[in-house]
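Dear colleague,

I am passing on the structure we spoke about, and I would be glad if you kept it open while you read the notes that follow it.

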Amino acid sequence: MIRKLINRLFALKRAIHTSLRKAAGKSDYKRWGNDKELSQGWDLRTKQIAHLIESGASVIEFGAGMLALKAHLPENCSYTPSDLIDRGEGTIVCDLNSDTLPEFQSYDVAVFSGVLEYVNEVPKLISHLSDRVNVILASYAVTDTNKRDRRAQGWVNDYSSEELIQIFQDAGFHCEYTEQWESQMIFKCKKR
């Protein structure tokens, strides 16, 4: 019972912290600067996403974390990690909640594995990428299956699968494929 109360208080604290960050438009540097927040359990999702990438593609991964995607890419792919903090191996340090998003070269594929939930302005980000990538692969905890305690998870937005697909369409992408990973959806969207 005490453990349950402690967990509930921790969730409440994170929900308040998330709501304040959302209002300020800021990223959670404290959380993502702590390697203990990076779960190896997410590697299964990353591996599933990697199967959707074609051989020879140039890939940029936003929220690269432990750089797990690199190990699962098909042959002849080039890989560029990007994250809120430097993860080594040429990481492009990038805050997706910044007022001005960075300019970078074009890539065949952009990967967001468990990242879009932490982005305050998802439509702005996807629009920014529309002339820089041909394919976006993104996992997202859609509200269809993840309605409760979103702020306690640290998530700053609330999109259904239909709403997220519309964001991609508004930026010039066609969502050609979806599949499930646990309670999340994986979207493969191609430039029209």
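Please bear in mind that this is a predicted model. To begin at the N-terminal part, Leu-5 lies in helix H1, which covers residues 2–24, and because its relative accessible area is 53%, above the cut-off of 50%, Leu-5 counts as exposed. Leu-5 also belongs to a nonpolar surface patch of about 520 Å², to which Leu-9, Leu-12, Ile-16 and Leu-20 contribute as well.

Turning to the sheet, seven strands form an open arrangement with mixed pairing, in the order E3-E2-E1-E4-E5-E7-E6. Strand E3 (92–93) and strand E6 (173–181) are at the edges, and each has a single partner strand, so one side of each lacks a neighbour in the sheet.

Strand E4 (residues 107–113) runs parallel to strand E5 (residues 133–140), and six bridges join them, with Phe-112 standing opposite Ala-138 in E5. E5 is in turn joined to E7 by six bridges, this time in the antiparallel sense, and Tyr-140 has Met-185 in E7 as its bridge partner.

E7 and E6 are likewise antiparallel, with eight bridges between them, and Trp-181 faces Gln-184 of E7. These two strands form a hairpin with two residues between them, where Glu-182 in the turn has a positive phi of about 50 degrees. Six of the eight residues of E7 are buried.

As for the helices over the sheet, H5 (residues 122–129) lies across E1, E4, E5 and E6, at about 150 degrees to E5, while H6 (residues 161–170) lies across E5, E6 and E7, at about 20 degrees to E7.

With best wishes

Methods:
Residues are numbered from 1 along each chain as its sequence is written. This is a predicted model: local features need pLDDT of at least 70, side-chain atom pairs count only at pLDDT 80 or more; totals for chains, interfaces and linings use all residues. Side-chain values use heavy atoms; hydrogens and water are left out. Two strands pair if DSSP finds at least two bridges between them. Helices (H or I, at least four residues) and strands (E, at least two) are DSSP runs, numbered from the N terminus. Contact means heavy atoms within 4.5 Å. Axes are lines fitted to C-alpha atoms, for helices over the stretch in contact, and angles run from 0 to 180 degrees between N-to-C directions. Patches are made of residues with over 30% relative accessible area and no salt bridge: like charges are joined within 9 Å, nonpolar side chains (Val, Leu, Ile, Met, Phe, Trp, Tyr) within 5 Å. Accessible areas come from the Shrake-Rupley method with a 1.4 Å probe; for residues, only the protein chains shown count as cover. A salt bridge is a side-chain nitrogen of Lys or Arg within 4 Å of a carboxyl oxygen of Asp or Glu. Buried means under 20% relative accessible area, exposed over 50%, partly exposed in between (1.4 Å probe, protein chains only).
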